[in-house]
Amino acid sequence: MPVVVLLAALLGAAEPPPGAAGPEPSPAAEHARAIPPEVVATAEEPRLKLLGVQLSVGAPEGAGVSAFVRPIPWLRIDGGGSWNYLSFGINGGITVMPWSGRITPTFRFGAGQFFDSDVRSELAGSFPDAFDPALRRFGYHFYTAQLGLELGNENGAQFFVRGGLAWLRSKLESTNFRNGDTTVTADDNDISATTPSVQLGLLLHLW
Amino acid sequence: MKNALTAAVAVALAVSAAGCGQLEAEANSKHLCVAQTNVAAIPAAPPVSVPFAPEVELRLDLGDAVPNLNQEGVEADIHPEAITLGSVAGNVSFAGVETLTLTVQPPTGRTDLTPAEFRYERATPAPSEIFSLPAKPVGSVDLADYIEGDIVRIRASFSGSAPQQAWTATLEMCGAVRVNVDYWKKITG
């Protein structure tokens with residue numbers, strides 16, 4: 001019983017009695033009361049989802065499925081697997097979204113690797129038989145820089161299209177071919193290229 | 001946020017500006033060899049060992065190794081380590097040859113180029129049998145400048161004594177090759 005009385009006394013001391021003047025409001029409290037209702041409403045908007053899935057198709061990235069994380073509103077990091085008809089690969093990227101909205105401009109840096117595979121049958125007829133040794137183990141890695149647009153609900157589903165430049169590099173196996181009186185052998189070969197890069201796809205913001 | 005936007009736009013513009021002139025592909029081979037048989041038929045020398053200084057005109061076809069360099073936007077560097085003269089039979093001894101000078105002729109009308117020289121000197125003491133003559137470049141040579149319609153014209157001059165049997169010459173050029181194709185120039189050229 002004395003405990004209940006004590007608690008009641010403490011509670012009574014914490015709240016001013018009805019009709020009594022309370023303590024002077026602090027400047028911070030005054031400022032909070034001055035914030036317009038629409039700003040308060042904005043602050044209460046649901047937070048952007050952190051995780052999602054990206055489905056994409058393009059060149060030189062191929063078709064891909066990636067998971068992404070959006071740790072801060074203007075930055076997204078993705079990584080996943082891809083396939084370019086010739087082989088499977090991995091890729092990832094960092095996307096900057098300078099502002100939010102239903103139409104969002106983006107800038108993305110990407111990188112990836114398509115693993116070595118035997119592409120002789122897939123490219124049959126495209127190259128002389130002489131290139132067969134080099135095509136027995138063919139893969140490449142790449143870097144991309146792309147500008148893009150994302151359209152849709154940034155807390156739901158968004159369609160995106162991106163374009164820019166890609167840098168590709170591939171090591172080629174040794175090759176040896178003969179044409180009449182001429183024989184050409186080549187060891188320690190590589191090819192590199194700077195090419196246009198395009199990608200389109202879907203972003204699903206899930207969690 | 002504004003800083004991120006500014007940075008993104010700046011980088012995008014920089015990439016776009018840099019990229020406009022850089023739609024290109026490049027192929028490199030650190031060790032490429034082009035070997036050609038039946039380059040020239042050379043008659044037997046007299047059956048006595050006499051000094052000789054004949055000149056032979058040889059033509060090395062590089063068409064299977066490099067693209068047509070007359071196309072707009074296509075460039076190549078060919079830095080040979082050696083051009084080796086041998087025989088098709090492979091058993092013709094060049095032990096009597098003291099020196100071989102291969103002079104690569106500039107294309108017709110290229111007055112700005114001087115002939116490029118490759119040189120072989122027999123080791124001392126001379127081996128009893130030598131079946132090929134590797135001539136090394138004298139100074140730095142870019143053979144791409146000397147290609148005319150896929151062909152490099154080479155004048156071979158010898159000192160010493162010639163093989164005493166008829167032989168058919170082979171040529172092999174080995175070196176590093178770089179080929180660059182600039183799409184932008186191809187498109188706009």
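Here are some notes on this two-chain model, chain by chain and then where the chains meet.

1. First, a word on confidence. Keep in mind that this is a predicted model. Its overall scores are ipTM 0.80 and pTM 0.69. For chain B, the mean pLDDT comes to 82, with 83% of the residues at 70 or more.

2. Let's start with chain B. You'll find two helices and eight strands here. If you trace chain B from the N terminus, the order is α-β-β-β-β-β-β-β-β-α. In other words, a helix opens the run, the strands follow, and a helix ends it.

3. How much of chain B is buried? Of its 189 residues, 26% count as buried. As for how chain B holds contacts along its sequence, take the ones with a separation of 6 or more: 84% of these link residues that are 24 or more positions apart.

4. Now for chain A, which has four helices and nine strands. Reading from the N terminus, the elements go α-α-α-β-β-β-β-β-α-β-β-β-β. So that you can follow it by eye: three helices come at the start, then five strands, then a helix, then four strands.

5. The same two figures can be given for chain A. Buried residues account for 24% of its 207 residues. Among contacts in chain A with a separation of 6 or more, 53% are between residues 24 or more positions apart.

6. Next, the place where the chains touch. Chain B puts 28 residues into the contact, and chain A puts in 26. On the chain B side, the elements that give two or more residues are helix H1 (2-20) and strand S1 (24-42). S1(B) supplies the largest share of that side, with 15 residues.

7. What classes of residue make up the side of chain B that touches chain A? It has 15 nonpolar residues, eight polar and five charged.

8. Finally, have a look at the strands that join across the two chains. Strand S9 of chain A, residues 182-205, is linked to S1(B) by 11 bridges. Do the two run parallel or antiparallel? They are antiparallel. If you want one spot to find in the viewer, try A:Asn189, which sits opposite B:Ser29 in S1(B). So S1(B) turns up twice in these notes: as the largest contributor to the chain B side of the contact, and as the strand bridged to S9 of chain A.

Methods
Residues are numbered from 1 along each chain as its sequence is written. Chains are lettered from A and ligands numbered from 1 in the order in which they are written. This is a predicted model: local features need pLDDT of at least 70, side-chain atom pairs count only at pLDDT 80 or more; totals for chains, interfaces and linings use all residues. pLDDT is the predictor's confidence in each residue, from 0 to 100. A residue is buried if 20 or more other C-beta atoms lie within 10 Å of its own, exposed if 12 or fewer, and partly exposed in between; C-beta atoms are placed from the backbone. Two residues are in contact if their C-beta atoms, placed from the backbone, lie within 7 Å. Ala, Val, Leu, Ile, Met, Phe, Trp, Tyr, Cys and Pro count as nonpolar, Asp, Glu, Lys and Arg as charged, and the others, Gly among them, as polar. Two strands pair if DSSP finds at least two bridges between them.
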